[in-house]
Amino acid sequence: MSDSTQARPALRWQPNRVGLLFSFIFIPFLLWLGSWQLERAEEKRSIVALHAANQAAPRVDLNSLTDSDGLQYRRITVAGEFVASPLFVIDNKVRNGRPGYEIAQLFMPDGSQSALLVNRGWVAAPLDRRKLPELEQLVGNLRLHGALYQRLSGGLQLDDGVKLPLEELQRVGWLDVERAANWVETPLFSYQLRLERDSPAALETGWPVVAIYPQKHTGYAVQWFIMAIVLVGLTLIANSNFAAWLKARRQVLRQDSDNDAEQ
């Protein structure tokens, strides 16, 4: 055995309490964040797959459907009349960097006792934010077409202070079917209808399927896992003589390699 091998230092643990406490807290936290992002990626893949499947399904009349689960993104047609008021102006909707509103209105389908909340799409906000957009009154029987939608779980909804009674043109911070149902006396279909571009009454339409796609969530997960691995390495270096041991080991291996070459 060579002298260089005999001089190889032993790996010793030299714990630093503050550093260990930091690592014991943040390493599990980083791993949890990575796992959570992977779960979110799987959720988004399910949403994207459901959207693709229901968008590919044949368009059907609303009256042929039952108000049940599984209709998210299903393309439908429905005939009936718009309810004149209230007209909901949903605030803080930005498109292509421009502030604006989405316009939602109740629609009474022919032969139905339940109204349908219809999102007609987006309009730009006037320069004076105190003014609401002027919209043409829709009268008469119309046949609409679009896709059914329920608000996805998650996200924080801030209180916009809107209380009864509602104004004819009501500005709101957010709106879904459940909230609208609490304000109106008419029972509502559990899905809202998002109009398609060529539908009567449509404004500027088109909505992203998800705000963040699965690939980005997976990328975030990889970043969190890499940070956890780096922190493990830093913990090992800070609480042992690992750096010196590794340096000495490399020197020994280099010397052994040189000795073998000389022989």
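In which element is the place of Pro-86? Pro-86 is found in strand S2, where helices (DSSP runs of H or I, at least four residues) and strands (runs of E, at least two) are numbered from the N terminus. The peptide bond that joins Ser-85 and Pro-86 is cis, with omega at about 0°.

The model is predicted, and for this reason local features need pLDDT of at least 70 and side-chain atom pairs count only at pLDDT 80 or more, whereas totals for chains, interfaces and linings use all residues. Residues are numbered from 1 along each chain as its sequence is written, and side-chain values use heavy atoms, with hydrogens and water left out.

Strand S2 also contributes to the largest nonpolar core, which has 19 residues; a nonpolar core is a set of buried Ala, Val, Leu, Ile, Met, Phe, Trp, Tyr and Cys residues joined through side-chain atoms within 4.5 Å. Buried here means under 20% relative accessible area, exposed over 50%, and partly exposed in between, for a 1.4 Å probe and protein chains only. Two or more residues of this core come from each of S2, strand S4 (116-124), strand S5 (142-149) and strand S7 (192-195). Ile-76 is among the residues with the most contacts inside the core, and its partners, not counting residues up to four places away in sequence, include Leu-144, Leu-148 and Leu-193, a contact being heavy atoms within 4.5 Å. Another core, of 14 residues, lies apart from this one and includes Ala-115, Val-162, Leu-175 and Val-184.

Strand S5 is mostly covered, with seven of its eight residues buried. Two strands pair if DSSP finds at least two bridges between them; S5 is joined to S2 by six bridges and to S7 by four, and it runs antiparallel to S2 and to S7. Within these pairings, Arg-143 of S5 stands opposite Ala-79, while Gly-146 has Leu-195 in S7 as its bridge partner.

Helix H2 (residues 17-56) has 40 residues and should span 58 Å at 1.5 Å a residue, which agrees with the 59 Å between its end C-alpha atoms; the expected span is 1.5 Å times one less than the number of residues. The buried residues of H2, including Leu-20, Ile-27 and Ile-47, pack against strand S2 (75-90) and helix H4 (214-238).

Two residues other than glycine have a positive phi, namely Asn-96, near 50°, and Ala-201, about 75°. Asn-96, in the loop between S2 and strand S3 (100-109), is exposed, with a relative accessible area of 75%, whereas Ala-201, in the loop between S7 and H4, is buried, at 15%.
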